[in-house]
Amino acid sequence: MSGIRRKRETVDTFGIEQDDEKEAQKGAESIGDENEYIDMYDLNYNGCRSCMACKRKGIEEPCKCYWKDGLSPILEKIWKADRLITGAPIYYSQPSGGFRSFLERITFPAMSYNDYSSVFKGKVDVDVFLTMNTPLNGYDQMYKAKMDEYFGPFRFLNGNVRLIPVCDTLQVKDYSKYEMGSFSDEHKKAFQKRHSMIRTSLKSWNLPLRSVIERHEDEEKRSK
Ligand SMILES: Cc1cc2nc3c(=O)[nH]c(=O)nc-3n(C[C@H](O)[C@H](O)[C@H](O)COP(=O)(O)O)c2cc1C
């Protein structure tokens, strides 16, 4: 599920282009997995409206969101899935508003207000690609601890939660056309190389990207 609110650029940043996406699907299918690509950009939805319908006594399903909008069928699919792979853009050092809205809707019905355990009966592993301008060392110093907290509610889905930083993303393809002087064109272009590695990893459905990116950065440092 792509969590970024602009389409073509996101697809580039995230490393999944239309064809790559099909490749990733083929990779998953080859090991017997069924999967579906969902673009949050296409959905019309709100964050949790605090209607508390999911906390009423005697409801038929313990983990259900009763607010109906474009996200409703997607939430149902995710609660039935084994794994959610998603992307969250980092805006002002936090997940974007659109992503937070999604996180509230998918996790709040799963959380017990009796004892803060999970009422969700299934188990969904969650991988979140965090896309940001900040380089990897900045992520470790400034963001990592906060992100563990922000994305913590995914634990109510009972699976492993993995945050995968995708740093130094390209916000625009050609920096010379924009008033964005605080970014180094050369530094940003290096992302292109990591980008192709991310795509390769996604195609083979192999997700430990952080080690791939770190290795690449080490090589870059050594070659300077
Ligand atoms: C409103 C806004 C705020 C942002 N704030 C941050 C930030 O605090 N830290 C950061 O590393 N990147 C920040 N960025 C850059 C995005 O994280 C980066 O562009 C990332 O690739 C998100 O995907 P997008 O470009 O498709 O929005 C910000 C971008 C926008 C549009």
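# Exercises on a sheet and its core

Six of the eight residues of strand S3 are buried, so S3 is largely enclosed by the rest of the structure. Buried here means that 20 or more other C-beta atoms lie within 10 Å of a residue's own; 12 or fewer makes a residue exposed, anything in between partly exposed, and C-beta atoms are placed from the backbone. Strands (E, at least two residues) and helices (H or I, at least four) are DSSP runs, numbered from the N terminus.

Before you start: this is a predicted model, in which local features need pLDDT of at least 70, side-chain atom pairs count only at pLDDT 80 or more, and totals for chains, interfaces and linings use all residues. Residues are numbered from 1 along each chain as its sequence is written.

## Exercise 1: the confidence

Work out which stretch to keep out of a detailed reading.

Step 1. Begin with the whole chain: the mean pLDDT (the predictor's confidence in each residue, from 0 to 100) is 81, and 70% of the residues reach 70 or more.

Step 2. Now look for the weak stretch: over residues 8-20, pLDDT stays under 50. The model still has 22 contacts beyond four places in sequence for these residues, a contact being two C-beta atoms, placed from the backbone, within 7 Å.

Step 3. Where pLDDT is low, the predicted coordinates should not be read in detail. Leave the contacts of residues 8-20 aside, then.

## Exercise 2: the sheet

Trace the order of the strands and say which ones stand at the edges.

Step 1. List the elements from the N terminus on: α-α-α-β-β-α-β-α-β-α-α. That comes to seven helices and four strands.

Step 2. Pair the strands, asking for at least two DSSP bridges between two of them. S1 and S3 run parallel and are joined by seven bridges; S3 and S4 (residues 158-166) also run parallel, with seven bridges.

Step 3. Put the order together: S2-S1-S3-S4, an open sheet of four strands with mixed pairing. S2 and S4 are the edge strands, each with a single partner, so one side of each has no neighbour in the sheet.

Step 4. Check some partners. Ala88 sits opposite Leu130 of S3, Phe129 has Ile164 of S4 as its bridge partner, and Val126 faces Val161 in S4.

Step 5. Add the helix: S3, H5 and S4 make a right-handed β-α-β unit. Right-handed means that, with the strands pointing away from you, the path from the first strand over the helix to the second runs clockwise.

## Exercise 3: the core

Find the element that gives the most residues to the largest nonpolar core.

Step 1. Fix the term: a nonpolar core is a set of buried Ala, Val, Leu, Ile, Met, Phe, Trp, Tyr and Cys residues joined through C-beta atoms within 7 Å.

Step 2. The largest one has 31 residues, and Phe102, Phe120, Val126, Val128, Leu130 and Leu157 touch the most other members.

Step 3. At least two residues each come from H3 (72-80), S1 (83-91), H4 (97-107), S3 (124-131) and H5 (136-150). S3 gives the most, with five.

Step 4. Take Leu130 as a sample: leaving out residues up to four places away in sequence, Leu130 touches Ala88, Ile90, Met147, Leu163, Ile164, Pro165 and Val166.

Step 5. Turn to H4, whose buried residues are Phe99, Phe102, Leu103, Arg105, Ile106 and Thr107. Their cover includes H3, S1 and S2 (94-95).

## Exercise 4: the odd spots

Where are Ser93 and Asn158 found, and is each exposed or partly exposed?

Step 1. Ser93 is found in the loop between S1 and S2. Phi of Ser93 is near 65°, a positive value in a residue other than glycine. Ser93 is exposed, with 12 other C-beta atoms within 10 Å.

Step 2. Asn158 is found in S4, and has a positive phi of about 70° although not a glycine. With 16 C-beta neighbours inside 10 Å, Asn158 counts as partly exposed.

Step 3. For one last stop, try Tyr66, in the loop between H2 (18-30) and H3. Tyr66 is partly exposed, with 14 other C-beta atoms within 10 Å. Not counting residues up to four places away, Tyr66 touches Cys51, Ala53 and Cys54. The C-alpha atoms of Tyr66 and Arg105 are 9.9 Å apart, across 39 residues of chain.
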